[in-house]
Amino acid sequence: MTAADSVFDTRFTREFGIRHPIVCGGMVAVGRAELIAAVARSGALGFLSALTQETPEGLVREIARTRELTDAPFGVNLTILPTVKPVPYDEYRQAIIESGITIVETAGANPAPHLPAFRAAGVKVIHKAVAIRHAVKAEKLGVDAVSIDGFECAGHPGSDDVPGLVLIPAAARELTIPVIASGGFATGAGLVAALALGADAVNMGTRFVATTEAGVHQNVKDRIVANSELDTQVIFREFNNTARVARNAISEQIAELSARTGATFDDIAHLASGERGRREVLQRGDLDGGLWWAGQAQALVDEVLPVAEVVATIIDDAERLVRKTLPGLVS
């Protein structure tokens, strides 16, 4: 079945050649071959996380490994952020291009330095933004779509604190390129709501972490199922780097230390280490061993399922709403 055969025919499915208007955005330490191949096979669009691989050569191998698992389209996420150890972004970009990837998701800093090379190679670029002003700038730079993150999302929602119910239609009103709604999505009803608000697809992260194919410890998946919408915490606001994480002993400690007068990031850096979170939480399953990302959508996740079942259920539920439930509300 092609994108044109999908139940939901949107600008996103048509322009990106994807069957369903569902995206699994890049997730560091989670966006690996097994998960992204499963997302691709389901008819959605998944992104390998480039920086999960320690070297550009490692990324080339991960792309090849994903292709061994599926012949459906998938992309690569390139997150551009300041780091203690310099990242060879140009080499990662070249690895993406030479591997024949045709869709890239950029996030973090301004993607402008990378766009000419991607454009010359025929690569479509989706840029993640957390504010309308950033989304408008990205369109002017020439990206092909924008993924707009509401305050509900895991990761870095920015400092404006605007939820998706307002942010999505505001973005759709200002942009002429496809809009992907991100933050708070895990169900068919959410997909229908996003499309009604003017989006062309939804992006899900937390829902895809709680799947059979996600390469994280089972304890993490089970905790997402058990957690409610109250079990996340916003941290790093004092350091102009607002982030939403799963609430645990480490996030509570970081919040306490950060609130002290004169606190600096150095005071909590040892607790906030990404390597610590990946090793202790995602790999070993110690849920209080470090920080780990989770969005408020975890309240909508009821069980750990294979990716194919997650996507099929969302599409089926969304179709049922559109065809049967909603028409009955109109007299």
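What volume does the second largest pocket have? In this predicted model, the second largest pocket has a volume of about 220 Å³, and it makes a convenient place to begin the tour.

To find the pocket, select Ala186, Arg207, Leu300, Leu305 and Thr313, which lie nearest its centre among the 13 residues that line it. Next, colour helix H14, which covers residues 307-325, since H14 gives the most to the lining of this pocket, with 4 residues. If you then colour the lining of the second largest pocket by class, you should find 6 nonpolar, 3 polar and 4 charged residues.

From there, move along the chain to Val330, which lies in the segment after helix H14. Val330 counts as exposed because its relative accessible area is 65%, a value to set against the cut-off of over 50%. Add Val322, Leu326 and Leu329 to the selection, and you will have, together with Val330, a nonpolar patch on the surface whose accessible area comes to about 390 Å².

The last stop is a cavity, and a search of the whole structure finds 1 cavity of 30 Å³ or more. To see what surrounds the largest cavity, which has a volume of about 30 Å³, select its lining residues, namely Val130, Asp149, Gly150, Phe151, Pro157, Asp160, Asp161 and Val162. Coloured by class, the lining of the largest cavity divides into 4 nonpolar residues, 1 polar residue and 3 charged residues.

Key
Residues are numbered from 1 along each chain as its sequence is written. This is a predicted model: local features need pLDDT of at least 70, side-chain atom pairs count only at pLDDT 80 or more; totals for chains, interfaces and linings use all residues. Side-chain values use heavy atoms; hydrogens and water are left out. Patches are made of residues with over 30% relative accessible area and no salt bridge: like charges are joined within 9 Å, nonpolar side chains (Val, Leu, Ile, Met, Phe, Trp, Tyr) within 5 Å. Accessible areas come from the Shrake-Rupley method with a 1.4 Å probe; for residues, only the protein chains shown count as cover. A salt bridge is a side-chain nitrogen of Lys or Arg within 4 Å of a carboxyl oxygen of Asp or Glu. Helices (H or I, at least four residues) and strands (E, at least two) are DSSP runs, numbered from the N terminus. Buried means under 20% relative accessible area, exposed over 50%, partly exposed in between (1.4 Å probe, protein chains only). On a 1 Å grid over the protein atoms alone, a cavity is a set of points where a 1.4 Å probe fits but cannot get out, and a pocket is an open set with protein on both sides within 12 Å along at least five of seven lines; lining residues have an atom within 4 Å of a point. Grid points are joined across faces, edges and corners, and a volume is the space filled by probe spheres set on the points. Ala, Val, Leu, Ile, Met, Phe, Trp, Tyr, Cys and Pro count as nonpolar, Asp, Glu, Lys and Arg as charged, and the others, Gly among them, as polar.
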